[in-house]
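Subject: Structure for your review

Hello,

Here is the structure I said I would pass on. Please open it beside this message, as the notes below refer to residues and elements by number.

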Amino acid sequence: MLYGAIEAGGTKFVCAVGNENLEIIERVFFPTETPEKTMRSVVDFFKKFDTITTIGVGSFGPIDVKRESETYGYVTSTPKLAWKNFDFVGYLKEQLANISVAWTTDVNAACYGEYIAGCGKGLSSVVYYTIGTGIGGGALLDGQFVEGFSHPEMGHALVRRHPEDTFVGNCPYHNDCLEGLAAGPAIENRTGVKGQNLPPDDASWDIAAYYIAQCAYNTTLLFSPQIIIFGGGVMKQEQLRKKVQEQFAKLINDYVKYPDLSTYIVTPQLEDNAGVIGCLALAKDLYLQA
């Protein structure tokens, strides 16, 4: 049995086919352009595999995840204007005969991948953040996504400013929310240098760590998860995880006990495959439920 996966990011789409063991058999990348261009490439890829009946999709958002909603399966109020109010799930079902679609956010999919096959395996409560071009978060409790009237938008939580940070913030909605102060574009706009070109000892990493540590602090007090996973391009800076752990310990100030930091605040075991494997796992779950 083969399953399909679509990790729909704001910069690129990753489409993959995997087997029952969640092993990736074939994977392709497409730039995120207009729905007409990108989705045609997506459909053409999956038409090569006539045995696939379920596809797991983790999409950039905001998206509509409420099944009873008239716009379930839509990308909704995204700043990517060409995708605003696009019927993602409906398009797939229209273009690919007899396809069932598991639909969630891109960060939920990555969270699920780590929960099923990564460093969250065997745990009951897992929280995952991606810190890259934007910041998003997803949470799982006993295998179920934590959602209410919609999916969480954890990346736009407000944080306390670093005393030495004069950068106004990068978020068009809130300026100095977590995403506005700690995502990749915020780091670049604060320093004038792309993050991957900043020296590891640059003081701006301490500022970024301060905001990410507040994210871990708030997550700990809100959810008491067994693990907090920080993925995304920004977290590929090897020095950043330790800085976040140190800042977190200062912020929590022994108020509550938490697991050992080496296993509590971590980066993804599945690395860049977390989202795709999560989508494959969601597709497999949907098939087995049918």
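What follows covers a sheet, the helices that pack on it, and a surface patch. Please keep in mind that this is a predicted model.

The sheet

The sheet is open and has 5 strands in the order S3-S2-S1-S4-S7, with mixed pairing. Strand S3 (24-31) and strand S7 (100-105) are at the edges; each has a single partner strand, so one side of each has no neighbour in the sheet. From one strand to the next, the twist averages 15°.

Strand S1 (residues 3-8) pairs with strand S4 (residues 54-59) in the parallel sense, over 5 bridges. Within that pairing, alanine 8 has serine 59 of S4 as its bridge partner.

Helices on the sheet

Helix H2 (residues 88-95) packs on the sheet and touches S1, strand S2 (12-18), S4 and S7. The direction of H2 makes about 160° with that of S7. Helix H9 (residues 274-289) also packs on the sheet, where it touches S1, S2, S3, S4 and S7. For H9, the angle with the direction of S1 is about 135°.

The surface patch

Leu141, Val146, Leu222 and Phe223 make a nonpolar surface patch of about 370 Å². One of these residues, valine 146, sits in the loop between strand S10 (144-145) and helix H4 (178-182). Is valine 146 buried or partly exposed? Its relative accessibility is 30%, so valine 146 counts as partly exposed.

Regards

Key:
Residues are numbered from 1 along each chain as its sequence is written. This is a predicted model: local features need pLDDT of at least 70, side-chain atom pairs count only at pLDDT 80 or more; totals for chains, interfaces and linings use all residues. Side-chain values use heavy atoms; hydrogens and water are left out. Two strands pair if DSSP finds at least two bridges between them. Helices (H or I, at least four residues) and strands (E, at least two) are DSSP runs, numbered from the N terminus. Axes are lines fitted to C-alpha atoms, for helices over the stretch in contact, and angles run from 0 to 180 degrees between N-to-C directions. Contact means heavy atoms within 4.5 Å. Patches are made of residues with over 30% relative accessible area and no salt bridge: like charges are joined within 9 Å, nonpolar side chains (Val, Leu, Ile, Met, Phe, Trp, Tyr) within 5 Å. Accessible areas come from the Shrake-Rupley method with a 1.4 Å probe; for residues, only the protein chains shown count as cover. A salt bridge is a side-chain nitrogen of Lys or Arg within 4 Å of a carboxyl oxygen of Asp or Glu. Buried means under 20% relative accessible area, exposed over 50%, partly exposed in between (1.4 Å probe, protein chains only).
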